[in-house]
2 protein chains.
Amino acid sequence: MQGSQASLSLADSAASVLREEIVRGLAAPGMLLAEAAVADRLGVSRVPVREALFSLEREGLVEFSATGRAFVRELTPADFEELFTLRLTLEPLAAALAAPALRLDASALERNLADTARAESVREVTALDLEFHELILAASGNARLLKLWRSLRGELDLWLGRLHRRHQSQTRATRDQTVEAHREIIDFFQTRPPAACSKLLRHHILGWREWLPLTQEEPLA
Amino acid sequence: MQGSQASLSLADSAASVLREEIVRGLAAPGMLLAEAAVADRLGVSRVPVREALFSLEREGLVEFSATGRAFVRELTPADFEELFTLRLTLEPLAAALAAPALRLDASALERNLADTARAESVREVTALDLEFHELILAASGNARLLKLWRSLRGELDLWLGRLHRRHQSQTRATRDQTVEAHREIIDFFQTRPPAACSKLLRHHILGWREWLPLTQEEPLA
DNA sequence: CTGGGGAGAACGGTATACCGTTCCCGGAAT
DNA sequence: ATTCCGGGAACGGTATACCGTTCTCCCCAG
């Protein structure tokens, strides 16, 4: 599956365009996203843009000033810590809940893993990595849990994009490491009880943070 | 700081009105909330109503059909289980994170407790109860954690409103029980380590669920 | 009585326009 | 040079209008 577009509404496609621009770093952090300007640039009216901005706010990519102006989100190391803490809580829970279902059918995870093994850029690996985790959340059967996780995903994309842009990560090493770790996770789901899967996820995320090229440099202009 | 109103926007006030109607049960579950009809009724245009509906969707009080029509949320017992599971995860985490701050200053919790002791209706107790928990989330220092919890609060209000409307709960018993439990929680924060506070919150929530007059009757027309 | 089809009403998506507020920059006073 | 102030441009909040789609209900055929 690659499509996922299906966004017939201008609001959705406007959100897609802006999301892409923000995550790729084409829109500088702190930059004003004036409704009229964006609308003009995208060739639509302000209404869909307005909705798109609200969506992006929910995703954490945009923040509003007290007077209602939208800006590209600024990220601080503290923000990352918050995200990390929440992943560390939500994902092990999801793993425990999803274990029974994934024991019966881990084919979606397997497909993702196969795709990851073929990935040819860090960007691709990162996207598939997040997708892998989202599959576990989805398999948890708790729709709200998945929704909460998704509300964090935009910021995650943003962070990873910035980090990897700054540090030219090694594609091969990144990919192999990801594949190996995910392989182990799938095997756990197939053979170990839910509690073990939960703990493994926790360690996986701890390791993920360890591995990230985190530095407290300036927020990147 | 006491205000917090400041909602000059029609969108916000429209959301408030609708929220109140939904939580109080004046708007039946499944009822269509047509933009034009609501706008007409509230004496505003469709634009602010539209935004209000999106806000309420984020709060879980409204759901959209595939074609974009807004309906008052229908709740099933499974929905409640999801909420319960998430509280059971998020709140102990928040308690652990908030413990250091609350050890230094639990005055907000104390004030809430005093108010609760004076409450004269189940509705009041319930509102103050949720407020108590939200104070802990706020004290965790993790803004996103608080945001996640808040995104569940609307549904919680909705559930509790329905349950208590159906079962005429005893005000005095409810209040005394709540005060006692919250008293213990505050004391833990003052004297025990974060891990103990975390566990207590977990038990508190387990007890809360136990106590609720849950029944699998029809979804209540 | 039941199922299918069509017409009209209902509804949401979007464009455009207006208004009050906020923002920003330059000039004047210190 | 710095601060304060004012005015015009920029921006968001809202109202209104139009259009295509979806719903709904009734009528007709079986």
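How do the residues of the surface near DNA strand C divide into nonpolar, polar and charged? Let us start there and then work through the rest of the structure. Please keep in mind throughout that this is a predicted model.

1. **The surface near DNA strand C.** The residues here divide into 10 nonpolar, 5 polar and 3 charged. There are 18 residues around DNA strand C, and the ones that come nearest are Ser9(A), Leu10(A), Ser45(A), Glu35(B) and Gly68(B). As you can see from the letters in brackets, both chain A and chain B appear among these names. Helix 1 (10-23) and helix 3 (46-59) of chain A, along with helix 2 (35-42) of chain B, each give two or more residues to this surface.

2. **The surface near DNA strand D.** Now turn to the other strand in your viewer. Around DNA strand D there are 18 residues, of which Glu35(A), Gly68(A), Ser9(B), Leu10(B) and Ser45(B) come nearest. At least two residues of this surface come from each of these elements: helix 2 (35-42) of chain A, helix 1 (10-23) of chain B and helix 3 (46-59) of chain B. By class, the surface near DNA strand D has 10 nonpolar, 5 polar and 3 charged residues.

3. **Chain A as a whole.** It helps to step back before looking at single residues. Chain A contains 9 helices and 2 strands. Reading from the N terminus, you will meet them in the order α-α-α-β-β-α-α-α-α-α-α. The radius of gyration of chain A is 18 Å, close to the 17 Å that the globule rule gives for 221 residues, so chain A is as compact as a globular protein of that length. Along the principal axes, its C-alpha atoms fill a box of roughly 55 × 40 × 35 Å.

4. **Burial and contacts in chain A.** What percentage of the 221 residues in chain A is buried? The share is 33%. As for contacts, take those in chain A with a separation of 6 or more: residues 24 or more positions apart account for 73% of them.

5. **Two helices side by side.** Find helix 5 (residues 107-118) and helix 6 (residues 122-139) of chain A. Their axes come within 10 Å and cross at roughly 170°. Angles over 145 degrees count as roughly antiparallel, and helix 5 of chain A and helix 6 of chain A are therefore roughly antiparallel to each other. On the helix 5 side of chain A, the residues that meet helix 6 are Ala108(A), Leu109(A), Asn112(A), Asp115(A) and Thr116(A). Their partners in helix 6 of chain A are Val125(A), Leu128(A), Glu131(A), Phe132(A) and Leu135(A). By class, this contact has 6 nonpolar, 2 polar and 2 charged residues.

6. **Where chain B touches chain A.** The contact takes 14 residues from chain B and 14 residues from chain A. On the chain B side, helix 3, helix 4 (77-104) and helix 7 (143-166) of chain B each give two or more residues. Helix 4 of chain B gives the largest share of that side, with 6 residues. The chain B side divides into 8 nonpolar, 3 polar and 3 charged residues.

7. **Arg58(A), a residue that reaches both chains.** Arg58(A) sits in helix 3 of chain A. Is Arg58(A) buried or partly exposed? With 16 other C-beta atoms within 10 Å, Arg58(A) is partly exposed. Setting aside residues up to four places away in sequence, Arg58(A) touches Ser151(A) and Arg58(B). The C-alpha atoms of Arg58(A) and Leu152(A) are separated by 8.9 Å, although these residues are 94 residues apart along the chain.

8. **Two residues of helix 7.** Glu155(A) lies in helix 7 of chain A, and so does Leu163(A). Glu155(A) is buried because 20 other C-beta atoms lie within 10 Å; a count of 20 or more is what the label requires. Not counting residues up to four places away in sequence, Glu155(A) touches Gly60(A) and Leu83(A). Leu163(A), with 18 C-beta neighbours inside 10 Å, counts as partly exposed. Leaving aside its neighbours within four places in sequence, Leu163(A) is in contact with Leu212(A) and Pro213(A). The C-alpha atoms of Leu163(A) and Pro213(A) are 6.7 Å apart, while the two residues are 50 residues apart along the chain.

Technical notes: Residues are numbered from 1 along each chain as its sequence is written. Chains are lettered from A and ligands numbered from 1 in the order in which they are written. This is a predicted model: local features need pLDDT of at least 70, side-chain atom pairs count only at pLDDT 80 or more; totals for chains, interfaces and linings use all residues. A residue is near a molecule or strand if its C-beta atom, placed from the backbone, lies within 6 Å of it. Helices (H or I, at least four residues) and strands (E, at least two) are DSSP runs, numbered from the N terminus. Ala, Val, Leu, Ile, Met, Phe, Trp, Tyr, Cys and Pro count as nonpolar, Asp, Glu, Lys and Arg as charged, and the others, Gly among them, as polar. The radius of gyration is taken over C-alpha atoms; the globule rule is 2.2 Å times the number of residues to the power 0.38. A residue is buried if 20 or more other C-beta atoms lie within 10 Å of its own, exposed if 12 or fewer, and partly exposed in between; C-beta atoms are placed from the backbone. Two residues are in contact if their C-beta atoms, placed from the backbone, lie within 7 Å. Axes are lines fitted to C-alpha atoms, for helices over the stretch in contact, and angles run from 0 to 180 degrees between N-to-C directions. Angles under 35 degrees count as roughly parallel, over 145 as roughly antiparallel, 65 to 115 as roughly perpendicular and the rest as oblique.
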